[in-house]
Amino acid sequence: MVQKYQSPVRVYKYPFELVMAAYEKRFPTCPEIPVFLGSEILHESRSEDGAIHVIERSCKLNVDAPRLLKKIAGVDYVFFIQKNTVNWRERTLRIEAHNETFANRVVVRETCSYSVHPDNEEWTCFEQSASLDIKSFFGFESTVEKIAMKQYTSNIKRGKEVIEHYLKELISQGITFIPRWSPPAAKDERAPAVGRAPGDIVPDSGAAGTSREPAASPCPPPEAASPDADKLDADYIERYLGQLSPMQESCLIRLRQWLQETHKGKIPKDEHILRFLRARDFNIDKAREMLCQSLAWRKQYQVDFILQSWRPPALLQEYYTGGWHYQDKDGRPLYILRLGQMDTKGLVKALGEESLLRHVLSINEEGQKRCEENTNIFGRPITSWTCLVDLEGLNMRHLWRPGVKALLRIIEVVEDNYPETLGRLLIVRAPRVFPVLWTLVSPFINENTRQKFLIYSGNNYQGSGGLVDYVDKDVIPDFLGGDCMCTVSEGGLVPKSLYQSEDESENSDHIRLWTETIYHSASVLKGAPHEILVEILEGESVITWDFDILKGDVVFSLFHSKRAPEPSHKEATSPSPSPAGDNVQLIDRTWVLGVDYSRVESPLVCREGESIQGSHVTRWPGFYILQWRMHGPLPCSSSSLPRVDDVLASLQGSSHKCKLIYYYEVLASKDFRGSMSSLESCNSGFSQLSGVTTSSSQSQSSSHLSR
């Protein structure tokens with residue numbers, strides 16, 4: 001595999017001619033670079049007018065490699081051929097180097113360039129690129145590659161330090177100005193054509209010469225300091241992105257260049273690209289794949305415009321217990337989430353997970369915006385934020401499988417599209433039930449993210465080693481014992497009257513982020529039950545359900561059949577709107593109860609406003625049918641149920657129907673014990689509950705309802 005390196009643009013705030021004088025001091029030997037043992041000139045030439053000067057050298061380098069490897073290779077030193085081409089007219093230097101030693105086994109190529117800064121002609125820019133291709137090396141290819149890359153990167157920044165060392169040496173000698181090259185016909189006695197011999201350097205005489213930073217060429221602002229809009233300045237990286245190793249800088253620049261070539265439109269901001277590289281440990285191929293998928297996702301769902309287009313519903317603003325609150329001690333924006341006070345179940349059922357996901361995305365977009373603002377305010381790179389989660393009030397109602405499932409889906413979206421945005425997560429007042437939630441959620445969180453979690457139980461967050469180590473005392477919220485008033489909502493129970501069916505909660509002008517929802521809605525008419533088919537291939541599986549009655553009273557039952565029923569969905573065949581709505585029927589009118597199918601659950605009457613959670617352990621494979629029918633007198637005949645065809649005519653024009661939202665899932669019995677399905681979300685202080693348990697001789701089951 002070919003290893004590549006591309007440097008950012010490094011800027012010397014000195015004229016090109018002075019930088020060249022400093023560069024020439026590196027030859028023939030340079031004590032400041034121990035690995036560089038010496039050089040000799042192989043060839044030298046100049047153009048007639050002296051504008052072009054070419055020097056070709058053989059450079060001797062020491063290699064810090066194991067003695068055994070040197071003995072096997074049979075060499076103590078390696079030699080490189082370096083060709084320098086100075087163009088005094090254009091004020092550029094191009095350096096091309098390649099290895100002479102082991103050239104048939106290892107190919108090393110390096111290209112460097114010095115040029116005038118496009119925004120300030122008194123400054124000089126430097127760029128460097130290199131490639132390493134080890135074809136074969138006595139079976140030590142991997143070892144040689146690691147040694148070469150380590151030694152090369154360790155000397156990259158050293159090169160700039162050496163130039164700056166010799167620049168200071170020149171200045172200490174009084175040399176601050178060297179005249180530019182001029183054509184032979186125009187040159188005078190003070191401006192030699194070639195100007196690189198020691199006699200060509202003009203010492204500073206006080207009034208004579210040009211200042212290194214003339215007033216006529218003011219320093220461009222940091223945002224414009226990059227010599228090219230398509231290139232990154234090393235000072236810009238350090239100021240806005242942070243300290244990066246040479247190889248990390250190279251990965252950022254190469255991925256950015258690739259995006260510029262392939263994405264002709266708008267490309268992500270540099271800090272956003274860097275997050276994806278960090279998330280993949282600076283593996284360019286993996287980071288590129290992850291970033292491209294995210295860019296396609298952002299474009300498809302118009303996420304770039306979410307801050308302008310998304311307005312949280314009033315219900316979300318009232319019951320969502322999260323908000324921004326100043327910043328932590330490191331300048332990171334601080335987000336507070338009072339998860340223990342949030343009715344997650346009510347929010348999902350009242351708004352749908354689509355709205356919650358869109359709100360979470362807007363929080364992440366706002367977080368990135370705040371990071372940029374804080375970077376400018378505090379004068380240092382701030383690329384992530386801190387989240388303070390208060391779990392006071394967390395109990396079994398939060399460990400509710402559909403809710404946890406929605407949470408995991410949101411985590412997956414955020415991990416895929418907002419990597420490395422969380423700088424620190426402070427969890428306080430974690431109750432005893434928290435380890436259960438953590439066990440379920442942590443496998444879906446990236447390892448790098450998990451390492452940023454700090455968890456405090458009880459009052460351990462108070463005092464030294466707690467919040468005060470990360471958040472200033474004057475911004476600790478009042479509900480955590482601080483003096484700062486926090487405007488984050490206190491949450492509370494979402495009224496069941498606000499629960500919405502699937503079509504109501506997802507009706508918006510936004511492009512759907514999720515094509516499937518956790519909860520589905522259904523209508524139940526008199527004589528027209530709604531039924532769901534669940535195929536069980538093996539016995540001892542567990543069917544779990546969770547549903548809410550939004551309107552009317554219904555009877556819930558569970559049946560088993562050895563043969564598959566044919567669905568009857570009137571909405572699909574009716575040319576005009578049907579009162580049946582999203583009603584599906586499966587049990588054929590010719591089927592006889594006790595012959596073609598059997599009841600495995602006693603009927604459970606469910607009143608309007610009730611929440612039902614339950615499960616059924618199956619004993620036989622086959623087809624199980626979950627049925628909701630309108631509560632009323634039982635039909636006269638038990639052999640079959642009235643069908644939609646029999647009642648639609650009498651119901652035309654009538655709006656009398658029941659509505660419900662439901663969720664179901666099938667688990668293997670070995671996975672059910674201790675799973676989220678067996679944790680009853682109805683056991684909470686938010687509602688008055690009573691438990692109802694039903695069973696049959698065929699199965700073990702339970703259902704729980706909330707009045």
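**Sheets, helices and buried positions in a predicted model**

Of the contacts in the chain with a separation of 6 or more, 75% are between residues 24 or more positions apart. The structure is a predicted model. Its chain has 707 residues, and buried residues make up 51% of them. The secondary structure comes to 18 helices and 23 strands. The paragraphs below describe two sheets, the helices associated with one of them, and two individual residues.

Strands of a sheet pair through backbone hydrogen bonds, either parallel or antiparallel. One open sheet contains 5 strands in the order 9-10-11-12-13, and its pairing is mixed. Strand 9 (322–327) and strand 13 (453–457) form the edges, each pairing on one side only. From one strand to the next, the twist of this sheet averages 20°. Both kinds of pairing can be followed within the sheet. Strand 9 runs antiparallel to strand 10 (residues 333–337), and 4 bridges join the two. In this pair, Gly323 has Ile336 of strand 10 as its bridge partner. Strand 11, in contrast, runs parallel to strand 12, with 6 bridges between them. Here Leu388 is matched with Leu426, its bridge partner in strand 12. Strand 12 (residues 422–430) is mostly covered, with 9 of its 9 residues buried.

Helix 11 lies across strand 9, strand 10 and strand 11 of this sheet, and runs at about 10° to strand 9. Helix 11 also packs against another helix. Two packed helices are described by the angle between their axes and the distance between the axes. For helix 11 (residues 353–378) and helix 12 (residues 401–417), the angle is about 35° and the axes are 11 Å apart. The crossing of helix 11 past helix 12 is right-handed. On the side of helix 11, the contact involves Glu353, Leu356, Leu357, Val360, Leu361 and Asn364. These residues meet Ala406, Arg409, Ile410, Val413 and Val414 of helix 12. By type, the residues of this contact divide into 8 nonpolar, 1 polar and 2 charged.

Helix 11 also takes part in covering helix 4. In helix 4 (residues 234–241), the buried residues are Ala234, Tyr236, Ile237, Tyr240 and Leu241. Seen down the axis of helix 4, these buried residues fall within an arc of 155°, so they line one face of the helix. The elements that cover them include strand 2 (10–12), helix 5 (246–262), helix 6 (270–279) and helix 11.

One of the buried residues of helix 4, Tyr240, is also in contact with Thr383. Thr383 is located in the loop between helix 11 and strand 11 (385–390). Thr383 counts as buried because its relative accessibility is 17%, and buried means under 20%. Apart from neighbours within four places in sequence, the contacts of Thr383 are Tyr240, Glu271, Arg275, Arg278, Cys371, Glu420 and Thr421.

Lys70 is a second residue for which exposure and contacts can be given. Lys70 is placed in helix 2 (residues 67–73). With a relative accessible area of 22%, Lys70 is partly exposed, because the category of buried requires a value under 20%. When neighbours within four places in sequence are left aside, Lys70 is in contact with Asn62, Val63, Ala65, Val75 and Asp76.

Another open sheet consists of 4 strands in the order 15-20-17-18, and its pairing is antiparallel. The edge strands are strand 15 and strand 18 (598–606), each of which pairs on one side only. The twist of this sheet averages 15° from one strand to the next. Strand 15 pairs with strand 20 (residues 622–630) in the antiparallel sense over 7 bridges. Within this pair, Gln627 of strand 20 is the bridge partner of Glu531. Strand 20 also pairs in the antiparallel sense with strand 17 (residues 554–561), over 8 bridges. In that pairing, Val555 stands opposite Arg629 of strand 20. Strand 15 (residues 530–536), although an edge strand, is mostly covered, with 5 of its 7 residues buried.

Terms used
Residues are numbered from 1 along each chain as its sequence is written. This is a predicted model: local features need pLDDT of at least 70, side-chain atom pairs count only at pLDDT 80 or more; totals for chains, interfaces and linings use all residues. Side-chain values use heavy atoms; hydrogens and water are left out. Axes are lines fitted to C-alpha atoms, for helices over the stretch in contact, and angles run from 0 to 180 degrees between N-to-C directions. A crossing is left-handed if the near helix is turned anticlockwise from the far one by less than a right angle, and right-handed if clockwise. Contact means heavy atoms within 4.5 Å. Ala, Val, Leu, Ile, Met, Phe, Trp, Tyr, Cys and Pro count as nonpolar, Asp, Glu, Lys and Arg as charged, and the others, Gly among them, as polar. Buried means under 20% relative accessible area, exposed over 50%, partly exposed in between (1.4 Å probe, protein chains only). Two strands pair if DSSP finds at least two bridges between them. The arc is that of the directions from the helix axis to the C-beta atoms.
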